[in-house]
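Please open the structure in your viewer and keep the sequence panel beside it. This tour suggests what to select at each stop and then describes what is there.

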Amino acid sequence: MEGTPDLYPSRVNGKETLSPRLDPVVYGGAQPEVPHSLSQRDLDTFDRQGFLVMNDYMPEMVAPLKREITRLRDDMAGYEELYTEPDSDELRTIFKPFAYSDLIDRFSRDPRILNKVRQILGSDAYLMQSRVNIKPAFKGKSFPWHSDFETWHVEDGMPRMRAVTVWLMLTDNTEHNGPLYVIPGSHHHYASCEGNTGEKNYQQSLKKQMLGVPKPETMEALLEDNGIASVTGQAGTLVFHDCNLMHGSPDNIANDPRSILMFVYNSVENKPVTPFSGLPPRPHYLSNPDQRPLQAVESLWPLAS
């Protein structure tokens, strides 16, 4: 809504700062009576680290989802939701795959995921964004250090830190094929970055992000106390990470791709307002206008057979 205070200004005053987070990380508590919910220990880990890795949690979903994504690559050729690598025609990202796939749509509402999301957010959620990230062998380029929330706040109008990203490894994520790097605990600080947001900045940033990337001095301060962790695991591993966790990834110089299917869940109590950049909202595939609460589905079959 108009007049919503900007509690996390960025790209506005010509200087970069680190400030304390003003919002909780976990909004709910343990719910042992709810199937597929997180334990208090898991919630404490997520609160402290900003991410949670569930190794080999959904291996049965890998093959059907990979088949579905192969179909989408063909069926969606030429769509605006597809982005290529910055220096080649290799496919980098498929946005909003749930809109073109009943299987992916239903998978986003699997209670093994959605019940945990509701627990972390302390509310119902809607799917703000979804993507398939494809790091092709040898050609997959890096993502610089960034907090997703900084972009979602400035360019999409997400007012508070009440969103969580959940992603499934579709291939083995190893130390060699460009895994996600995170800075544990960095989500407790907000990096307000330099720069001015131009119109349709997303067309550049989704290929090679320049704005919302903290300077080395800021990263030194975050890394001094926290260090870097790489998020690796077998295909079928499920990962939760906080919207403000500082993360990035190196080039893939290995001979195997690294692919993930990602969902961004935003609390229905945290719906975007007018973007704090003052620019028009980004396209529907980056900030979903359908903000109805997601309803869990109990079975993906026979879609996943």
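**First stop: a helix with two sides**

Select helix 1 and look for Arg41 and Arg48, which are exposed on the other side of this helix from its buried residues. Keep in mind throughout that this is a predicted model. Now colour residues 40-49, the whole of helix 1, and pick out Leu43, Thr45 and Phe46, which are its buried residues. Why do they lie on the same side of helix 1? They cover an arc of only 160° around the axis, and therefore they share one side of the helix. As background, an α-helix has 3.6 residues a turn, so residues three or four places apart point the same way.

Next, show what covers these buried residues of helix 1: the cover includes strand 2 (51-54), helix 4 (111-121), strand 7 (163-169) and strand 11 (238-242). Before leaving, step to glycine 50, which follows helix 1 and has a positive phi, near 90°.

**Second stop: the sheet**

Select the strands of the open sheet, of which there are seven, and trace them in the order 2-11-7-13-5-4-3, with antiparallel pairing. At the edges you will find strand 2 and strand 3 (82-84), each of which pairs on one side only. If you look along the sheet, the twist from one strand to the next averages 15°.

Now zoom in on strand 7 and strand 13, which run antiparallel and are joined by seven bridges. Within this region, select valine 166 and look across to phenylalanine 263 in strand 13, which stands opposite.

Add helix 2 (residues 62-75), which packs on the sheet and touches strand 4 (91-95), strand 5 (125-135), strand 7 and strand 13. The direction of helix 2 makes about 100° with that of strand 4. Then add helix 5 (residues 148-156), which lies across strand 5, strand 7, strand 11 and strand 13, and which runs at about 120° to strand 5.

**Third stop: a histidine in the sheet**

Select histidine 241, which is found in strand 11. Is this histidine buried or exposed? Histidine 241 counts as buried, because its relative accessibility is 2%, and the cut-off for being buried is under 20%. Show side chains here, and you can draw a polar contact of 3.2 Å between those of histidine 241 and tryptophan 167. Leaving aside neighbours within four places in sequence, histidine 241 is also in contact with several residues from the earlier stops, including Phe46 and Gly50. Other contacts of histidine 241 include Asp148, Leu180 and His247.

**Fourth stop: two cysteines**

How many disulfides does the structure hold? The structure holds zero disulfides. Select cysteine 193 and cysteine 243 to see why: the sulfur of cysteine 193 is 14 Å from that of cysteine 243, its closest cysteine sulfur, which is too far for a bond, since a disulfide needs the sulfur atoms to be within 2.5 Å. Both residues are buried, cysteine 193 with a relative accessible area of 1% and cysteine 243 with one of 0%.

**Last stop: an asparagine after strand 13**

Finish by selecting asparagine 270, which is found in the segment after strand 13 (258-267). Asparagine 270 is buried, with a relative accessible area of 2%. Leaving aside its neighbours within four places in sequence, you can display its contacts with Met158, Pro159, Arg160 and Arg162.

Definitions and conventions
Residues numbered from 1 in each chain as written. Predicted model: local features only at pLDDT ≥ 70, side-chain atom pairs only at ≥ 80, totals over all residues. Heavy atoms only, no water. Helix = DSSP H or I, 4+ residues; strand = E, 2+ residues; numbered from the N terminus. Buried < 20%, exposed > 50% of the residue type's maximum accessible area, 1.4 Å probe, protein only. Contact = heavy atoms within 4.5 Å. Arc of directions from axis to C-beta. Pairing = 2+ DSSP bridges. Axes fitted to C-alpha atoms, helices over the stretch in contact; angles between N-to-C directions. Polar contact = N/O pair within 3.5 Å; in protein donor to acceptor, adjacent residues only side chain to side chain.
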